[in-house]
Amino acid sequence: PTLPPPVRRVQGIESLREIVTGGGLDHVQLEPGAMGGELGVVDLGGVLLGYGAVDRAMRSRGEYNPVGYNVGVLLDCPDKGCRIWGAPGSRGTVVVGPPKAEADTVTPGQFTFGYLIVPPDVWESVVDDLAPARTAALVREKSVINPDAAAAARVAGRFQEAVAELIRRPGLTAAPGAAAGLREDLLAAVVRAAAADDTPPPTGQFVRHRRVVARAEEFVAGRGPAAVSVRELCRACDVSERTLHYAFKDVLGLNPVQYLIRRRLSAVRYELSAGGPVPGAVARAAGKWGFWHLGHFAAAYRKLFGESPSATARLRG
């Protein structure tokens, strides 16, 4: 469907950096193919309602919005689900990130979501009114909440109804009363869903695997463009190659080598998108990020992103 303005189309992994402003999120595309989707936002009178979709699996880390609570609801998600701070998510999952909370997410393809950016005083007041017993989970900590089936269906349905109404009536929020009514309705829906928490705790093995992957990602990020080997990752994480392999497969669905290649390819794409069609840009960016064979690099790039590196530089720059 065509969403009301302002809405922006997602055209590649680099689009997310351009569209999702106010935070410091870094994204790595995990699934081959040209990434598409859309993201929109509407002001409900001090609370922002965001909604959108992406159609390729990705890894997101960094910092959520620094000025308000990021309260998300998963609207549609494949059966294999997603992981947020290590916890499983599916349709109706509620995610609460306090200002500047760490983002740590693995999302599958065909992933649809809604979210609210809520000023701290507004969020804390709603929680205090509707779910005071949940204050610790909803105000002081970052939380992934899987409500019982009925509550999950209600909160996801309410967000989808709101988006559908905004599509049907793009000028709806121009009326302060309508915007306020929608704002209060959605805030109440997510708090009531969160009060029906039915989240299973992550298993001990997954928790250990997540720590290994997080340590590996931090090590790789600290090295910048410098090449990183699996052996170096094992030493940095103090684990065997077998354990490292199982940890990456469990958390990201990729082995360590696949992850390192996708991360480097994503870094090249960011550079080409920012730099434009400058002569020699593709070769310089590829060499900087460790790709010495341009033919093999171009083939891997096209397989992951659905277009050639030169097309990225020409179209996105």
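This passage describes the strands, helices, cores and cysteines of a predicted model. Residues are numbered from 1 along each chain as its sequence is written, and side-chain values use heavy atoms, with hydrogens and water left out. Because the model is predicted, local features need pLDDT of at least 70 and side-chain atom pairs count only at pLDDT 80 or more, whereas totals for chains, interfaces and linings use all residues.

A good place to start is the open sheet, in which five strands follow the order β2-β5-β10-β7-β8 with antiparallel pairing. Strands here are DSSP runs of E with at least two residues, helices are runs of H or I with at least four, and both are numbered from the N terminus; two strands pair if DSSP finds at least two bridges between them. The edges are held by β2 (26-29) and β8 (87-89), each with a single partner strand, so one side of each is left without a neighbour in the sheet. From one strand to the next, the twist averages 20°. Within this sheet, β7 (residues 82-84) and β10 (residues 102-107) run antiparallel and are joined by two bridges, with R83 having V106 in β10 as its bridge partner. Helix α6 (residues 204-223) lies across β5 (58-63), β7 and β10, and runs at about 70° to β5; axes are lines fitted to C-alpha atoms, for helices over the stretch in contact, and angles run from 0 to 180 degrees between N-to-C directions.

The loop between β9 (94-97) and β10 contains A101. This residue, A101, is buried, with a relative accessible area of 10%, where buried means under 20%, exposed over 50% and partly exposed in between (1.4 Å probe, protein chains only). Leaving aside residues up to four places away in sequence, A101 touches G62, E63 and Y64, contact being heavy atoms within 4.5 Å. A101 and E141 are 40 residues apart in sequence, yet 8.8 Å apart in space, C-alpha to C-alpha.

Another set of antiparallel strands involves β4 (residues 48-54), with five of its seven residues buried. Seven bridges join β3 (residues 36-43) to β4, and G37 stands opposite V54 in β4. The hairpin of β3 and β4 has four residues between the strands, and there G45 takes a positive phi near 85°. Seven bridges also join β4 to β11, where F113 is the bridge partner of G52.

Turning to the interior, the largest nonpolar core has 36 residues, and L16 and V268 have the most contacts inside it. Such a core is a set of buried Ala, Val, Leu, Ile, Met, Phe, Trp, Tyr and Cys residues joined through side-chain atoms within 4.5 Å. At least two residues of this core come from each of α1 (13-19), β7, β11 (111-118), α9 (256-275), α10 (281-288) and α11 (294-305), with α9 giving the largest share, five residues. Apart from this core lies another, of 35 residues, including L49, Y69, V73 and L75.

Finally, the cysteines: a search of the whole structure finds zero disulfides, a disulfide being a pair of cysteine sulfur atoms within 2.5 Å. For C77, the nearest cysteine sulfur is that of C82, 4.3 Å away; C77 is buried, with a relative accessible area of 13%. The sulfur of C237 is 7.5 Å from the closest cysteine sulfur, in C234, too far for a bond, and C237 is also buried, at 2%.
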